[in-house]
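Q: Could you take a close look at one part of this model for me, the place where the two chains meet? I'd like to know what sits there and how it ties into the rest of the fold.

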Amino acid sequence: MYKLNCILLSSVNNVCRQLAASLNANGSSLLFPPLPGQESSLRFGGVKFEELPILHIKATYNNTHIQLTDSAGKSMVRTSCGMEGFKNIKKSTPIAAQTAGISAAARATTKGVRFVRVVVKGLGPGRLPAIKGLTMGGLEVVSITDNTPVPHNGCRPRKARRT
Amino acid sequence: MSRHLRFVARTVMVQNGDVDAAYNTLNRILTQEGIIDTVKRKRYFEKPYVERQRKNFENCRRIYHMEMARKIAFISRTNREDPWLGC
């Protein structure tokens, strides 16, 4: 069932990509990432798209965490706003997220990482500033994915706030 | 996401190093798909009676806007052939 879904999804995606490719007949515009299905000749610093390290950004409403892992999932660098010396309410600011991004980029470049794919989770104040901080710190962002968890009516969230 | 293929859905490649444009494209796609809306709404629990009211309101709003757009498009037609030709 899972394999059937995979095949269905990849076939739908292929159709979408072919449509997009036929619409953008320029050749230089590429909106969707290369699938693992052996299509691409795209290399970022000699590395294929599937083997680039992944940078997870978890942007909650009170804080922003940044973690860099390699393509297999092993963690390399981990920072957050609290680790930059911000406390309490100052952690949930865009400036704190930008600082965290810069420090994460600095640590990543010392480990020899240049190109990175970004995965964002959550809708918090540090969602965009963290990515800005990465580029300011000298890391090259190759693609941005959104991995915000959307329940299909799973767990019941807390009750509505009355202010 | 662990049960689905990764880096396939909700992904945008950055072109020519323009991260802002890529982020804006991603945001636009997410808003059009209604994901940002859903995430904001599901932060707190929405009681069934509130949900019914909201859905009803959105239905009425959609009907009103469609009809208004149709009316405006009809009224602002110019350069059409003479409907009373020959009279």
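A: Sure. Keep in mind that this is a predicted model, so what follows is computed from predicted coordinates.

Let's start with the contact as a whole. Chain A puts 42 residues into it and chain B puts in 28 residues. The size of an interface is often given as the accessible area lost when the parts come together. Here chain A and chain B bury about 3,500 Å² between them, and 67% of that is on carbon and sulfur atoms. On the chain A side, Leu31(A), Ile144(A) and Asp146(A) supply 16% of the area that chain A buries against chain B, more than any other three residues.

Take Leu31(A) from that trio. You'll find Leu31(A) in the loop between α1 (2-23) and β1 (54-59) of chain A. Leaving out residues up to four places away in sequence, Leu31(A) touches Thr11(B), Val12(B), Met13(B) and Gln15(B). Is Leu31(A) buried or exposed? It's neither: Leu31(A) counts as partly exposed because its relative accessibility is 34%, and that falls between the 20% and 50% cut-offs. There's also a link in space to another stretch of chain A: Leu31(A) and Ser143(A) are 112 residues apart in sequence, yet their C-alpha atoms are 9.3 Å apart.

Now Asp146(A), another of the trio. Arg10(B) forms a salt bridge with Asp146(A), and the closest N and O atoms are 2.8 Å apart. In total, the rule finds two salt bridges across the interface of chain A and chain B.

Next up is Val141(A), which belongs to strand β5 (residues 140-146) of chain A. Val141(A) has a relative accessible area of 5%, so it counts as buried. Who does Val141(A) touch, not counting residues up to four places away in sequence? From chain A there are Val116(A), Val118(A), Ile131(A), Leu134(A) and Thr135(A), and from chain B there are Val14(B) and Val19(B). Val118(A) is 23 residues from Val141(A) in sequence and 6.8 Å away in space, C-alpha to C-alpha.

What about the strands behind all this? Strand β4 (residues 115-121) of chain A pairs with β1(A) in the parallel sense over five bridges, with Lys58(A) standing opposite Lys121(A) in β4(A). On top of that, six bridges join β1(A) to strand β2 (residues 64-69) of chain A, and those two run antiparallel. β1(A) and β2(A) form a hairpin with four residues between them, and Ile54(A) stands opposite Thr69(A) in β2(A). As a general point, in a regular strand the side chains alternate between the two faces of the sheet.

Stepping back to chain A as a whole, the secondary structure comes to three helices and five strands, following the pattern α-β-β-β-α-β-α-β along the sequence. Of its 163 residues, 36% count as buried. Among contacts in chain A between residues at least 6 apart in sequence, 58% join residues at least 24 apart. Chain A exposes about 9,600 Å², with carbon and sulfur atoms supplying 57% of it.

And the partner? The domain assignment of chain B gives domain 1 (1-44) and domain 2 (45-78). The centres of those two domains, taken over C-alpha atoms, are separated by 26 Å.

Definitions and conventions:
Residues numbered from 1 in each chain as written. Chains lettered and ligands numbered in written order. Predicted model: local features only at pLDDT ≥ 70, side-chain atom pairs only at ≥ 80, totals over all residues. Heavy atoms only, no water. Buried < 20%, exposed > 50% of the residue type's maximum accessible area, 1.4 Å probe, protein only. Contact = heavy atoms within 4.5 Å. Domains from an automatic or database assignment. Pairing = 2+ DSSP bridges. Areas by Shrake-Rupley, 256 points an atom, 1.4 Å probe, with all protein chains shown as cover. Buried area = accessible area lost by both parts, 1.4 Å probe. Salt bridge = Lys/Arg side-chain N within 4 Å of Asp/Glu carboxyl O.
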